[in-house]
Amino acid sequence: MPAHDTVPGKKKEQRLNQQNKSTMKKFIISSDELKPALKKLGQAISAKSVLPITTNIYCKVADNKVELITTDLEITISVVCNAETNKQEPFELLLPYDYMANIIALSPHAPFEIEHPSVRKARIICDNEEYAVNSLEKLEDFPKLPKAVKEKFTMENDIVDLLSKALLTVTKDELRPSMTRVLMDLGKDGFLVSTDAATLFKQRINCEMEVSESIQFSSKMIKAMGGMTEATLAWNDKMVCIKGGNSTIWCTRFNDKYPDYGAVIPALKGYEANLEIERSALADALNKCCISSALVMQTTIVLFCDIGI
């Protein structure tokens, strides 16, 4: 008799396991989606954070999408990825960033099945291997996520390149914090400006706004924008929001006064060029001059107005 009783018991257990699997909170995401997302999200992860919970990824799963969010309290990055969610109810969980980054480094080409069987547990399955997290952080302890801000300005396609160039002329002096950033001066005439008080970068940008506004971009903001095209810019008194493609970046708005950049280098009216030279020829000459910085080894380049170099 006992032998006959165990058969229906096993079948019942198998049915329960199948039901649990069908109702399990989970999503499947490809490594092609997850790997670049983690790379961008890592720019809002601080190894020296005073809040350990900010070393996690906030995951919001719904409708064959998963929104991954990280923050270091100064900057918040959101990346929306395609995923298989099997028409289940939306759910949220926290996953440790470093743990996920290490797993994808070991299995860079496999799809990832992430299960969430209970509030504090998660399983990551890839390449027939299973990784378990049995002490997830509480969702309610994660910093409050920023709210959506209405779009106000569409930036040029090459805006990230221009901002990166402007970073070359910011100061490294932390005693002048505003000058460590790039200024976007918006109005009827739009400009990107950066200066270290000795040199000045100034680039005109297309902008049609009736009201003048000034937005300061830190190096962290600009690096987080890498890869964005056709980005939109929005802001309020406290936040700046940059959106491009599947990524959104929220940053604290810097309201400290930027120096009067017009006083660094006066307007060029009344000044004419002393020498016209092809950019490639000048760059080549400067590269030759930088072969050595030793005083005993010098390179001299002679510039001629009529024939160039």
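1. Over how many bridges do strand S6 and strand S7 pair, and in which sense? They pair over 4 bridges, in the antiparallel sense, with S6 covering residues 112-118 and S7 covering residues 121-126. One place to see this is Ser118, whose bridge partner in S7 is Lys121. Keep in mind while looking that this is a predicted model.

2. Now the sheet around that pair. S6 and S7 belong to an open sheet of 4 strands, and the order reads S1-S6-S7-S8 with antiparallel pairing. The edges are taken by strand S1 (25-29) and strand S8 (129-133); each has a single partner strand, so one side of each is left without a neighbour in the sheet. From one strand to the next, the twist averages 15 degrees. Helix H3, residues 97-106, packs on this sheet and touches S6, S7 and S8. If you compare directions, H3 makes about 175 degrees with S8.

3. A quick word on the chain as a whole. The protein chain has 6 helices and 16 strands. Of its 309 residues, 38% are buried. Among contacts with a separation of 6 or more, 61% are between residues 24 or more positions apart. The exposed surface comes to about 19,600 Å², and carbon and sulfur atoms supply 52% of that.

4. On internal space: the count is 1 cavity of 30 Å³ or more. The volume of the largest cavity is about 40 Å³. Which residues line the largest cavity? The lining is made by Phe27, Leu34, Leu38, Ile57, Cys59, Leu68, Leu95, Met100 and Ile114. Helix H2 (31-41) and strand S2 (56-62) are the elements that give two or more residues to this lining. If you want to find the spot on screen, Leu34 and Ile57 are two of the lining residues to start from.

5. Next, the other open sheet I looked at. Here 4 strands run in the order S12-S11-S10-S13, again with antiparallel pairing. S12 and strand S13 (213-217) stand at the edges with a single partner strand each, so one side of each is left without a neighbour in the sheet. The twist in this sheet averages 20 degrees from one strand to the next. Helix H4 (residues 159-166) packs on the sheet, where it touches strand S10 (182-186), S11, S12 and S13. The direction of H4 makes about 165 degrees with that of S12.

6. Within that sheet, have a look at the S11 and S12 hairpin. Strand S11 (residues 190-195) and strand S12 (residues 200-205) run antiparallel and are joined by 6 bridges. Two of the facing pairs are easy to pick out: Ser194 stands opposite Phe201, and Thr195 stands opposite Leu200. The hairpin has 4 residues between its strands. In the turn, Ala197 has a positive phi of about 80 degrees.

7. Follow the chain out of S12 and you reach Cys207, in the loop between S12 and S13. Is Cys207 buried or exposed? Its relative accessible area is 8%, under the 20% cut-off, so Cys207 counts as buried. Leaving aside residues up to four places away in sequence, Cys207 touches Phe153, Leu186, Gly187, Lys188 and Gly190. Lys188 lies 19 residues from Cys207 along the chain, and the C-alpha atoms of the two are separated by 6.4 Å.

8. Last, strand S14 (residues 232-235). Both faces of S14 are covered: Thr232 and Ala234 on one side are buried, and so are Leu233 and Trp235 on the other. S14 pairs in the antiparallel sense with strand S9 (residues 153-154) over 2 bridges, and Thr154 has Thr232 as its bridge partner there. S14 also pairs with strand S15 (residues 239-244), antiparallel once more, over 4 bridges. In that pairing the bridge partner of Leu233 is Ile242. S14 and S15 form a hairpin with 3 residues between them.

How values were computed
Residues are numbered from 1 along each chain as its sequence is written. This is a predicted model: local features need pLDDT of at least 70, side-chain atom pairs count only at pLDDT 80 or more; totals for chains, interfaces and linings use all residues. Side-chain values use heavy atoms; hydrogens and water are left out. Two strands pair if DSSP finds at least two bridges between them. Axes are lines fitted to C-alpha atoms, for helices over the stretch in contact, and angles run from 0 to 180 degrees between N-to-C directions. Contact means heavy atoms within 4.5 Å. Buried means under 20% relative accessible area, exposed over 50%, partly exposed in between (1.4 Å probe, protein chains only). Accessible areas come from the Shrake-Rupley method with a 1.4 Å probe; for residues, only the protein chains shown count as cover. On a 1 Å grid over the protein atoms alone, a cavity is a set of points where a 1.4 Å probe fits but cannot get out, and a pocket is an open set with protein on both sides within 12 Å along at least five of seven lines; lining residues have an atom within 4 Å of a point. Grid points are joined across faces, edges and corners, and a volume is the space filled by probe spheres set on the points.
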